[in-house]
Amino acid sequence: MRIIAPVCFTLLLLSGCAVVQPWEREILAEAAMMPGSTAPLEHGFMGHIYFSKEGARGGEGVAAGGCGCN
Amino acid sequence: MFRIILTSLLFAATLMAAYKDGSAVDEPVLEALGGKGRIIVVDFFASWCHSCKEELPLVNTLAGHLNPAQVRLVGVNVDNKPEKGAEFVRELGVKFDVIYDPQKKIVGKFGPIGMPAIYYINAEGVVVKRRIGALNNIDRIILQDLAELGYEPKWSGQ
């Protein structure tokens, strides 16, 4: 009985999963889907601080969003 | 867990159903693309695909140099809104035929793993080659591929 509730909760979360095909990425490719796209200056500033503290940079994503291009 | 299995199965089914080299194209899809009797080059693109914006002008120039009796070059726009696709086509000055596929009926059959995607269908209606993703000098690549399929181009690209 104790296990049913977490299992149901997990299943509830999983119900949001969907496979997005490469030709269905129109919304994902919008500029607004990019991290920091709504405030590029602030994003750049935060990135600068973050990378200074980490002593490394990279791994922050790539330009353009999810069109599935090479 | 059941959900994961179901999703995986659905995804696998989609991939399995997608056309590969050697797959015969379904009759209605083939008719929509121009029918049998000549090589068909199908170019899947969308206005939201940045690489398509680079690639389409080259394909467009190439289209003007192909012999329509032997090769048909047809574009398939997969934008959710056809008017958005039409505006994109107008902006780039695309001259070859473009089919708008907002319901994803055609692209769903082909199932490319990325955009843009180019499929070659021979005169018998069989997929013979695929080019997925953005490629440099795509016009020359298409000409080479067509030459492999027996088409003798009279133009060698830009």
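# Chat: a first look at chains A and B

Q: How much accessible surface does chain A have?
A: About 5,500 Å², and 67% of that belongs to carbon and sulfur atoms. Accessible areas come from the Shrake-Rupley method with a 1.4 Å probe; for residues, only the protein chains shown count as cover.

Q: Any ground rules before we go on?
A: This is a predicted model: local features need pLDDT of at least 70, side-chain atom pairs count only at pLDDT 80 or more, and totals for chains, interfaces and linings use all residues. Residues are numbered from 1 along each chain as its sequence is written, chains are lettered from A and ligands numbered from 1 in the order written, and side-chain values use heavy atoms, leaving out hydrogens and water.

Q: How many helices and strands in chain A?
A: 2 helices and 0 strands. Helices (H or I, at least four residues) and strands (E, at least two) are DSSP runs, numbered from the N terminus.

Q: And what share of chain A is buried?
A: 14% of its 70 residues. Buried means under 20% relative accessible area, exposed over 50%, partly exposed in between (1.4 Å probe, protein chains only).

Q: Switching to chain B. How many disulfides are there over all chains?
A: The whole structure has 1. A disulfide is a pair of cysteine sulfur atoms within 2.5 Å.

Q: Which residues does the disulfide join?
A: B:Cys49 and B:Cys52, with S to S at 2.4 Å. Both cysteines are buried.

Q: Why is that disulfide called right-handed?
A: Because the torsion about the S-S bond of B:Cys49 and B:Cys52 is about 85°.

Q: B:Cys52 is in H3(B), right? Which other residues there are buried?
A: The buried set of H3(B) is B:Ser51, B:Cys52, B:Glu55, B:Leu56, B:Val59, B:Asn60 and B:Leu62.

Q: What do they pack against?
A: In chain B, strands S1 (39–45), S2 (71–77) and S4 (117–121), plus helices H4 (82–92) and H6 (138–148). Contact means heavy atoms within 4.5 Å.

Q: Where does H3(B) bend?
A: At B:Leu56, by about 30°, and a proline, B:Pro57, follows within four residues. The bend is the angle between axes fitted to the seven residues ending there and the seven starting there.

Q: What end-to-end span should helix H3 of chain B have?
A: At 1.5 Å a residue, its 14 residues (50–63) should span 20 Å, and the end C-alpha atoms are 20 Å apart, which agrees. The expected span is 1.5 Å times one less than the number of residues.

Q: Is B:Leu58, also in H3, buried or partly exposed?
A: Partly exposed, because its relative accessible area is 23%.

Q: Now the core. Which members touch the most others?
A: In the largest nonpolar core, of 48 residues, they are B:Leu33, B:Val42, B:Phe44, B:Val78, B:Phe110, B:Ile121 and B:Leu146. S1(B) gives the most to this core, with 6 residues. A nonpolar core is a set of buried Ala, Val, Leu, Ile, Met, Phe, Trp, Tyr and Cys residues joined through side-chain atoms within 4.5 Å.

Q: What does B:Phe110 touch?
A: Leaving aside residues up to four places away in sequence, its contacts include B:Ala18, B:Tyr19, B:Leu33, B:Phe44 and B:Ile121.

Q: And B:Leu30, buried or exposed?
A: Buried, because its relative accessible area is 1%. B:Leu30 sits in helix H2 (residues 27–33) of chain B.

Q: How far is B:Leu30 from B:Gly125?
A: Their C-alpha atoms are 6.9 Å apart, though 95 residues separate them along the chain. The two also touch.
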